[in-house]
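Q: Please take a close look at one of the sheets in this model and at the residues around it. A connected account would be welcome, moving from a single pair of residues out to the chain as a whole.

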Amino acid sequence: MQIRCAAVLAVLVLLAAGCALAEFTPAATVCGKAYCYWETPMDITDTEAVWNMLIQPMTVVEGNQKTQELLYAEPDQKSRRVGEVTCQSQGVHVLETLDNGWSLVECYSASNGNSRLRVWGDLVKGYIRTDKLVEVESRDRFGLVVDKLTQRLYVFGDGKLLTTLRVSTGAPTKWRPRYETASGEYHLVSMVGSFVDDSGLHSDYAIRFNDGDLLHAVPYRLDANGNKSYSRYEALLGTRASAGCIRVQRRATPEGINMRWLWNRLGNQQRTRLVIWEDLPGRQLSIPADDTPIYVHMSLSNYYHRSPECYQLGEKFWPFEPITYGQLEEEAYAHLTDCFCCNPPLRKKEIEAINAQYAAEAQ
Ligand SMILES: [Zn+2]
């Protein structure tokens, strides 16, 4: 929490100095490496910087991908334990390598339900033995960014932003703070597939990125007739809803991409980078230009779309009618909501509401 306050303070100082835009980065501490995840602004519109960040090597802790190592307050195993790192899959920000065999690192703590330490997802700084750290190459075919602020997964391939998918990250409660999805940088480490949880919820196409935290398709229940029922969980996409996993939309975007598409392409792409941006207080979203193209089908769809060829309606209804983002403010389009397949930008008033909430939290 102290580090978070420092980051906000740093931004306020920048604003006071007359900078036009507050650039939030995951960490306030500088290591100096080019395109480091921790020092790349959380700005999805700068696709070149984001892609360069996604293909960088990552420093991980050696060990089994379902175990954690402790971080200590001092370079001494007898000192206070400040956080945990998941081995093999979780990246750490190396801040200092000491002569005595220890390194100072920071990361979002990976405590889980079985941990003795209970530091759930907080950004922590602590010491670990240098010989446990190893720098690992990342794949350069695909890269994934999950933003907890927008509840979106941005899919990158060969340097380009391919599409945007709706997700649900963890919804922590007072009694279950560990349901928060820890932010940070990760490698996808193993293909898990389909599983059923204790409550009878089925999930397909699961890929492990942080021990028990998986990327998988939006879950379903089986109804009395044995049919898959997605509606309850699909309606929650775009909001926090899970116990820590990242639920991903199963409906294809106009680019034909969904969780199954990712599963089919990432099976032989382990060490693909997945980064998760924290919804840091003070972060703000930009409002699209009024002339941004938007598409509608007024007689058959109560949604507005990002593409004239969206799978929300069948191909025989393509192409949809073009309007602009600015026209969404007109009365004729006031009843339309953002399509859950193609994920167009939110309405201006919705973005302003998010910005007001996060600006208020930064106070
Ligand atoms: Zn659509």
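A: In this predicted model, Y295 has H305 of strand 20 as its bridge partner. The two strands concerned, strand 19 (residues 293-296) and strand 20 (residues 303-305), run antiparallel and are joined by two bridges. In general, the strands of a sheet pair through backbone hydrogen bonds, in either the parallel or the antiparallel sense.

Strands 19 and 20 belong to an open sheet of four strands, whose order is 21-19-20-22 and whose pairing is mixed. Strand 21 and strand 22 (337-338) occupy the edges; each has a single partner strand, so one side of each is left without a neighbour in the sheet.

One residue of the edge strand 21 (residues 321-324) is I323. From C-alpha to C-alpha, I323 lies 5.7 Å from Y295, although 28 residues separate the two in sequence. Leaving aside residues up to four places away in sequence, I323 touches I294, V296 and Y333. I323 has 18 C-beta neighbours inside 10 Å; because a buried residue needs 20 or more and an exposed one has 12 or fewer, I323 counts as partly exposed.

The loop between strand 20 and strand 21 contains P319. The peptide bond leading from W318 to P319 is cis, and its omega is near -10 degrees.

A second sheet can be set beside this one. Nine strands form an open sheet with mixed pairing, in the order 11-18-8-9-10-17-14-13-12. At its edges stand strand 11 (184-187) and strand 12 (190-196), each with a single partner strand, so one side of each is left without a neighbour in the sheet. On average, and with direction ignored, neighbouring strands of this sheet are turned by 30 degrees against each other.

Within the nine-stranded sheet, strand 13 (residues 202-210) pairs with strand 14 (residues 213-217) in the antiparallel sense over three bridges. I207 stands opposite L215 of strand 14. Helix 4 (residues 259-266) packs on this sheet and touches strand 8 (142-147), strand 13, strand 14 and strand 17 (246-248). The direction of helix 4 makes about 55 degrees with that of strand 13.

Strand 13 also holds Y205. The phi angle of Y205 is near 60 degrees, a positive value in a residue other than glycine. Y205 is buried, with 22 other C-beta atoms within 10 Å. Y35 likewise has a positive phi, near 55 degrees, and is not a glycine. Y35, however, lies in the loop between helix 1 and helix 2, and is partly exposed, with 15 other C-beta atoms within 10 Å.

The loop between helix 1 (2-16) and helix 2 (47-54) is also the place of D43. D43 is partly exposed, having 17 other C-beta atoms within 10 Å. D43 and A206 are 163 residues apart in sequence, and their C-alpha atoms are 27 Å apart in space.

As for the whole chain, there are five helices and 22 strands. The radius of gyration is 21 Å, close to the 21 Å that the globule rule gives for 363 residues, so the chain is as compact as a globular protein of that length. Buried residues account for 40% of the 363 residues. Of the contacts between residues at least 6 apart in sequence, 63% join residues at least 24 apart.

Key: Residues are numbered from 1 along each chain as its sequence is written. This is a predicted model: local features need pLDDT of at least 70, side-chain atom pairs count only at pLDDT 80 or more; totals for chains, interfaces and linings use all residues. The radius of gyration is taken over C-alpha atoms; the globule rule is 2.2 Å times the number of residues to the power 0.38. Two residues are in contact if their C-beta atoms, placed from the backbone, lie within 7 Å. Two strands pair if DSSP finds at least two bridges between them. Axes are lines fitted to C-alpha atoms, for helices over the stretch in contact, and angles run from 0 to 180 degrees between N-to-C directions.
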